[in-house]
Amino acid sequence: MSFTARHLLGIEPLRQADITALLDRADHYAEANRRGEAARDVLAGLTQINMFFEASTRTQSSFELAGQRLGADVMNMAMQASSLKKGETLIDTALTLNAMRPDLLVVRHPNSGAVDLLAQKVQCAVLNAGDGRHEHPTQALLDALTIRRAKGRLHRLSIAICGDIAHSRVARSNILLLGKMENRIRLIGPRTLIPSGADRWGVEIFDDMAEGLQGADVVMMLRLQKERMDGGFIPSEREYYHRWGLDAAKLAHAKPDAIVMHPGPMNRGVEIDGTLADDINRSVIQTQVEMGVAVRMAAMDLLAQNLRAERAAQPA
């Protein structure tokens with residue numbers, strides 16, 4: 001098997017072969033899910049704990065459903081009401097988790113690097129469900145699978161990522177993944193929402209949608225991360241939509257068969273026109289949600305295989 005990682009903490013450590021192995025396995029699960037085929041023996045006897053220190057109904061539900069479809073015993077820990085509110089540290093949390101002996105740990109945390117720290121202290125496989133402004137690897141993988149299924153390939157495409165790049169871990173993971181797969185990446189948005197140093201990432205940068213979308217195969221819109229903004233990053237939502245929100249007129253600059261993506265939840269009429277978001281001929285937003293379950297099933301399957309092999313190799 002070409003996927004040998006112990007954890008899935010980010011896209012950065014993955015090789016092309018790792019990404020391809022994950023996507024191939026996810027493709028299998030996407031088709032099995034559509035046929036209604038169960039795979040409950042894959043994680044049978046294993047425990048999956050979902051720890052979301054930051055709320056995300058969509059991602060948590062997707063991981064929960066993925067684990068259940070593979071036969072895991074799934075437990076959600078209500079971290080907002082946990083002893084962390086009383087001053088418990090991440091190290092204390094890791095010690096508590098080790099005592100519970102989970103096999104798969106899914107973590108979302110508002111601080112960058114927190115998931116990596118937990119992974120160093122626990123004795124199970126850890127999946128990063130988003131940490132601060134760092135990474136959101138399964139979102140990038142589900143986006144990649146959606147693109148591959150729609151376009152028939154995941155290399156040498158022109159992909160525009162538009163909007164709030166500065167505050168988006170989704171953008172960071174996508175830039176890393178799509179770059180590893182030899183795509184041309186364009187970042188489009190107001191200069192206030194383009195991170196400093198982005199010109200060194202091997203991407204092209206535009207502040208004009210018409211120019212940036214010219215000839216694009218994929219148009220990926222991002223949510224405005226207003227909860228992470230502490231200043232005047234945009235003039236107003238109305239002005240933002242006028243200049244950087246995706247509508248039919250702006251999309252006309254992309255290729256005629258360009259697909260439209262959004263990680264959700266969407267701010268309709270701010271980041272994207274609602275009619276365009278629902279256009280079954282151009283929008284693959286609902287497919288992204290569907291592929292999210294398949295990708296998370298694939299990631300947990302492959303990590304569990306590695307975990308079992310590691311445990312079998314340990315002396316009794």
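**Backbone, cysteines and packing**

Me: Which class fits glutamate 182: buried, exposed or partly exposed?
Reply: Its relative accessible area is 44%. Buried means under 20%, exposed over 50%, and partly exposed in between (1.4 Å probe, protein chains only). Glutamate 182 is therefore partly exposed.

Me: What kind of model is this, and from which number are residues counted?
Reply: The model is predicted: local features need pLDDT of at least 70, side-chain atom pairs count only at pLDDT 80 or more, and totals for chains, interfaces and linings use all residues, while side-chain values use heavy atoms, without hydrogens and water. Along each chain, as its sequence is written, residues are numbered from 1.

Me: What is the phi of glutamate 182?
Reply: Glutamate 182 sits in the loop between helix 6 (169-180) and strand 6 (184-188). Helices (H or I, at least four residues) and strands (E, at least two) are DSSP runs, numbered from the N terminus. Most residues other than glycine have a negative phi. Glutamate 182 is not a glycine, yet its phi is positive, about 65°.

Me: What is the relative accessibility of arginine 156?
Reply: Arginine 156 lies in the loop between helix 5 and strand 5 (158-162). Its phi is positive too, near 55°. Arginine 156 counts as exposed, at 63%.

Me: Which proline follows glycine 264 across a cis peptide bond?
Reply: Most peptide bonds are trans. Here omega is about -10°, a cis bond from glycine 264. The partner, in the loop between strand 9 (259-261) and helix 10 (274-277), is proline 265.

Me: What is the handedness of the crossover from strand 1 to strand 2?
Reply: Strand 1 (residues 47-52) and strand 2 (residues 73-77) run parallel, joined by five bridges; strands pair if DSSP finds at least two. The chain passes through helix 2 (residues 57-69) in this β-α-β crossover. With the strands pointing away from the viewer, a clockwise path from the first strand over the helix to the second is right-handed. This crossover is right-handed.

Me: At what angle do the axes of helix 5 and helix 11 cross?
Reply: Axes are lines fitted to C-alpha atoms, for helices over the stretch in contact, with angles from 0 to 180 degrees between N-to-C directions. Those of helix 5 (residues 137-151) and helix 11 (residues 285-313) come within 8 Å and cross at roughly 115°.

Me: How many disulfides does the structure hold?
Reply: Cysteine 124 is buried at 2%, and cysteine 162 is buried at 0%. A disulfide is a pair of cysteine sulfur atoms within 2.5 Å. Across the whole structure, the number found is zero.
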